[in-house]
Amino acid sequence: MQLPVSAPSGVTAPNHADRIGFAQLTRRAFEGGDLHPLRERLLARIEEGTAEAGEGLDLSLIAQLLGEKEAGLVIQTEVLSFHQLFRTPCVAAKPRLRVLALAADIDMGGNTPIDFLLEDSDIELLTLYVVKGIGLPETLPEHDVAVVIASDSEECREALALIEKAAPRWPRPLLNRPDLIGNLDRDKLYRLLAGVPGLDIPATIHATRAQLSDLSTGNIACEDIAGELHFPMIARPRGSHAGVGLAKLDDAAALATYLADRQEQDFFVARFVDYASPDGLYRKYRLAMVDGKPYACHMAIADRWDIWYLNAFMAFSEEKRAEEAVFMLDFDHAFAARHKIALDEMSRRVGLDYFIVDCAENQNGELLVFEADNTAVVHNMDPPAVFPYKPPQMRKIFAAFTAMLSRHARAGEESAA
């Protein structure tokens, strides 16, 4: 399958290397499995000189899952320097569909975990890493549909630019186009969604350490950074993920303490929105937007504003789980119906075929959007004995995702005919 763009001389379509993959290894870790024996076996094969490239990539992921991020990334970069194409086998002996995922050389949270979305399907997943200095091969591996899974982070910019250059003449349908992924950056997303009826998204403002230091000492006011900014505010280091460095700052003194504990030079700040429900609890939702339609992924309930599913301790509260079950069961004619106008317009403006939204409802009943990205994990790992309502919902999302891939693949075949 020839790609009609220039590529480094001598780079042709590589053979794929099989790997266990993200979903299976993450599931083992999530369920408490010991990854150390597998790591030792893979290390032994590397020392013997018998390891395949896919085993090296699996070893990189195992290291990251064991908390050895830097070591894992070193292994990954070394593997990707000589091999870029990997296959995650599907359950069918003869795959119904071949999907080519375009990834970047980044940590395990920096690419869409598409393995989970295709688990137990008859779709074969090929992942092509677009690596700095190597780029795309002259000849692409055969595939029916391609999807960009690199994130909007700084580390992925070069990979996205290379894919974007090739995108206009891509030989098959290309989903989650790279020029749209950049819109998910926190400050760009605010500008993109500003003015959507029924949607509340606080302005996310870039502020330097010097600006925040001046604010903490009273040399400048909040309005000097941005008109809508005021205390209390939310701050986080620019480029951080998973709540690293996230804090609510009630006044200048709290800001000074925050800066004293951080080393970063650039931050994102935003006004704090108190989205507590009348019962005093906070409810945060994760939605998957698939082919323009919203699906419920989870609902976290806690007595704190900075909620993640794990710190909401949903597994320990039957009452919370019962509410989440109703949220999922009634989603289409309740939450999704209430916010249909906002969700439809958000999907239209973002323009991606698949992305994730973390949101809530503000005290005026509007859809309060915290962030949107294409790399959040949507999985079916929660134990059915505790969360019996989740497997059907996850299978519904996975089915929508595979149906979307099939639809685009058929459209590509028809346009090529």
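Two strands count as paired here if DSSP finds at least two bridges between them. Keep that in mind as you click through this structure, which is a predicted model.

**Stop 1: the hairpin of E12 and E13**

Select strand E12 (282-290) and strand E13 (293-302). Nine bridges join E12 to E13, and the two run antiparallel. For a landmark, pick Leu287 and look across to Ala296, its bridge partner in E13.

Now colour E12 by accessibility. How many of its residues are buried? Nine of nine, so the strand is mostly covered, with buried meaning under 20% relative accessible area. In a regular strand the side chains alternate between the two faces of the sheet. In E12 both faces are covered: one side carries Tyr282, Lys284, Arg286, Ala288 and Val290, the other Arg283, Tyr285, Leu287 and Met289, and all of these are buried.

Next, go to the turn. The hairpin has two residues between its strands, and Asp291 takes a positive phi near 55° there. Most residues other than glycine have a negative phi, and most peptide bonds are trans. Asp291 is not a glycine, yet its phi is positive. Is Asp291 buried, partly exposed or exposed? Its relative accessibility is 34%, so Asp291 counts as partly exposed.

Before moving on, add strand E14 (residues 354-361) to the selection. E12 is joined to E14 by six bridges, again in an antiparallel arrangement. Here Val290 of the selection stands opposite Tyr354 in E14.

**Stop 2: the six-stranded sheet**

Clear the selection and show strands E1 to E6. These six form an open sheet with mixed pairing, and reading across gives the order E1-E2-E4-E3-E5-E6. Strand E1 (17-18) and strand E6 (174-175) stand at the edges with a single partner strand each, so one side of each has no neighbour in the sheet.

Focus on E3 (residues 97-104), which pairs with E5 (residues 145-148) in the parallel sense over four bridges. Two positions help you line these strands up: Val99 has Val145 as its bridge partner in E5, and Leu100 has Ala146.

Then turn to the other neighbour. E3 and strand E4 (residues 123-130) also pair in the parallel sense, over eight bridges. Which residue of E4 is the bridge partner of Arg98? Select Glu124 and you have it.

With both neighbours displayed, switch to a surface view. Seven of the eight residues of E3 are buried, so the strand is largely enclosed by the rest of the structure.

**Stop 3: Asp120, just before E4**

Step back along the chain to the loop between helix H5 (114-117) and E4, where Asp120 sits. Phi of Asp120 is near 60°, a positive value in a residue other than glycine. Its relative accessibility is 70%, so Asp120 counts as exposed.

**Stop 4: helices H3 and H4**

Select helix H3 (residues 53-65) and helix H4 (residues 69-80); their axes come within 7 Å and cross at roughly 165°. The two helices are therefore roughly antiparallel to each other, and H3 passes H4 in a left-handed crossing.

Show side chains at the contact. On the H3 side you will find Ala53, Gly56, Leu57, Leu59, Ser60, Ala63 and Gln64, which meet Lys69, Gly72, Leu73, Ile75, Gln76, Val79 and Leu80 in H4. Sorted by class, this contact has eight nonpolar, five polar and one charged residues.

**Stop 5: helices H8 and H14**

Now bring up helix H8 (residues 186-193) and helix H14 (residues 340-350), which pack at an angle of about 120° with their axes 10 Å apart. H8 and H14 are therefore oblique to each other, and their crossing is right-handed. Zoom in on Leu189, Leu192 and Leu193 in H8, which meet Met346, Arg349 and Val350 in H14. By class, this contact has five nonpolar, no polar and one charged residues.

**Last stop: a cis peptide bond**

Where should you go to see a cis peptide bond? Select Phe231 and Pro232: the bond joining them is cis, with omega at about -5°. Pro232 lies in the loop between helix H10 (222-225) and strand E9 (233-237).

How values were computed. Residues are numbered from 1 along each chain as its sequence is written. This is a predicted model: local features need pLDDT of at least 70, side-chain atom pairs count only at pLDDT 80 or more; totals for chains, interfaces and linings use all residues. Side-chain values use heavy atoms; hydrogens and water are left out. Buried means under 20% relative accessible area, exposed over 50%, partly exposed in between (1.4 Å probe, protein chains only). Axes are lines fitted to C-alpha atoms, for helices over the stretch in contact, and angles run from 0 to 180 degrees between N-to-C directions. Angles under 35 degrees count as roughly parallel, over 145 as roughly antiparallel, 65 to 115 as roughly perpendicular and the rest as oblique. A crossing is left-handed if the near helix is turned anticlockwise from the far one by less than a right angle, and right-handed if clockwise. Contact means heavy atoms within 4.5 Å. Ala, Val, Leu, Ile, Met, Phe, Trp, Tyr, Cys and Pro count as nonpolar, Asp, Glu, Lys and Arg as charged, and the others, Gly among them, as polar.
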